[in-house]
Amino acid sequence: MTSDLVHHGESFDGTPLGFATKSIHLGNGVDAETGAIRRPITLANAYALPYDPSDINWSSSDVNLYTRNGHPNQRYLEAKLANLEGTEDAVVLASGVAALAATFTTLLNRGDHAIFSDTTYIAAYRLLNQILPEKYGIETSIVDTSDPKNIEDAIRPNTKLVHIETPANPTLKVTDIEAAAKLAHDAGALLSVDNTFNSPFNVRPADLGADVVIESLTKYINGHGDALGGAIATCKELTDQIRFTYQVNYGGIISPFNAWLINRGSVTLPLRMRQHNASALAIAKHLESLPQVRFVAYPGLESHPHHDVAARQLARPDAGFGGVLSFGLDTDHDGHNRFVSKLNVITSAVSLGHDESLIVFLGEDDERQYLYPEEFHRGFFRLAVGLEDTDDLIRDIDHALAESEL
Ligand SMILES: *Cc1c(COP(=O)(O)O)cnc(C)c1O
């Protein structure tokens, strides 16, 4: 019988449990009422109050009170994620963007300054480049954080946060987390890392000095393309603040059903990541060998400018470089679209980290095009390699190239 020690991620004999064992058992337990060996989904909005409720703090997140304040399925997932990320605590919110917004709005006050990567998820870019400066008087600098010198040069006396995304969506630029953490800490600032493209199986930013780790759970951690969620893994002092501000008072809570789905999906995270890593590397190498392909950006390729940093940051010997790569064809706008229309296995849709492979053509007029490396300016694809047979994916690409006469 799985012991309570294992359900809490603790060793039963002195040797630490492995990532797969923890992905399966953490946050699970025997249901006290039915004896079920799976914890149930609790869909109630409210919980019974004690005889005298007058002492209750209505903004509290640590008792079952009202689902927006926090709920059991959220807490089971939080316990697992904090352990897998190696942080004291984690908060799970409604989406990856809610996790980003919660981090920025909780950590930054009027007059503070933040530095952030020149390639980030589009909502992070809009929040930091426009919404927070315009509405809340927060100063921000956008820099190419893949060179730590640029972070150093951008630091101001009021810098409170350095936010990096690595590998960055969609340029796949990699930032040295340890170097960024040192620069942030020397300046009295915190480092937050959007680790969505890696998942904690491949990279654990907290081990490398990051103060806050953000994951869009929608992607690899759920892994099945059927629920949105976001996590912030950090110390308890910050998770308490985030729960009070963003969860209870801004209302960014995840639904119990989505928390349950993500918890269930996360059970197979290590198995899935190994397959995503292996297939993406094989496909990146294949694409690199094709004459029709103008460039391939994938940190696992030796041709990637930050391959060494990416390799050094891996969390375990069987980790890899994730399932997302970008590439461009030696063709025009219509040629790119024609290629996608001839694919049979790979689906044209946004998102990543799903079981199925997804491709999106990011044309020549993305609003952040001016920040991308030059090879991205003629339009490019982001390919999120799924869990299909690698050979089927490679044949699908070759067949579509032939059919679209490229
Ligand atoms: C998808 C994504 C997000 C946003 O996550 P949602 O769950 O869609 O809100 C944030 N960061 C990265 C790197 C992403 O790929």
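Leaving aside its neighbours within four places in sequence, which residues is Lys219 in contact with? The contacts are Tyr121, Thr196, Ser351, Leu352 and Gly353. The structure is a predicted model. The points below cover Lys219, the packing of helix α11 against helix α14, the burial of helix α10, and the loop residue Tyr250.

**Lys219**

- An unreviewed UniProt entry annotates Lys219 as "modified residue: N6-(pyridoxal phosphate)lysine".
- Lys219 sits in the loop that runs between β6 (212-216) and β7 (230-234).
- The relative accessible area of Lys219 is 9%, and the cut-off for buried is under 20%, so Lys219 counts as buried.
- Among the contacts of Lys219 outside its neighbours within four places in sequence are Ser351, Leu352 and Gly353.

**Helices α11 and α14**

- Two packed helices are described by the angle between their axes and the distance between the axes.
- For α11 (residues 269-288) and α14 (residues 390-403), the axes come within 10 Å and cross at roughly 30°.
- Because angles under 35 degrees count as roughly parallel, α11 is roughly parallel to α14.
- The crossing of these two helices, α11 and α14, is right-handed.
- On the α11 side, the contact is made by Gln275, Ser279, Ala282, Ile283, His286 and Leu287.
- On the α14 side, Thr390, Leu393, Ile394, Ile397 and Asp398 take part.
- By class, this contact between α11 and α14 has 6 nonpolar, 4 polar and 1 charged residues.
- An α-helix has 3.6 residues a turn, so residues three or four places apart point the same way.

**Helix α10**

- Helix α10 (residues 256-266) is mostly covered, with 8 of its 11 residues buried.
- The buried residues of α10 are Pro256, Asn258, Ala259, Leu261, Ile262, Asn263, Gly265 and Ser266.
- The elements covering these buried residues of α10 include α2 (19-25), α3 (72-85) and α11.
- Helix α11 thus appears in two of the groups here: α11 meets α14, and α11 helps to cover α10.

**Tyr250**

- Tyr250 is found in the loop between α9 (236-249) and α10.
- With a relative accessibility of 55%, Tyr250 counts as exposed, because the cut-off for exposed is over 50%.
- Leaving aside its neighbours within four places in sequence, Tyr250 is in contact with Thr105 and Thr245.
- Tyr250 and Lys135 are 115 residues apart along the chain, and their C-alpha atoms are separated by 16 Å.
- Of the two loop residues described, Lys219 is buried, whereas Tyr250 is exposed.

Definitions and conventions
Residues numbered from 1 in each chain as written. Predicted model: local features only at pLDDT ≥ 70, side-chain atom pairs only at ≥ 80, totals over all residues. Heavy atoms only, no water. UniProt positions renumbered as here; feature names shortened; annotations may be inferred. Helix = DSSP H or I, 4+ residues; strand = E, 2+ residues; numbered from the N terminus. Buried < 20%, exposed > 50% of the residue type's maximum accessible area, 1.4 Å probe, protein only. Contact = heavy atoms within 4.5 Å. Axes fitted to C-alpha atoms, helices over the stretch in contact; angles between N-to-C directions. Parallel < 35°, antiparallel > 145°, perpendicular 65-115°, else oblique. Left-handed = near helix turned anticlockwise from the far one by under 90°. Nonpolar A, V, L, I, M, F, W, Y, C, P; charged D, E, K, R; others polar.
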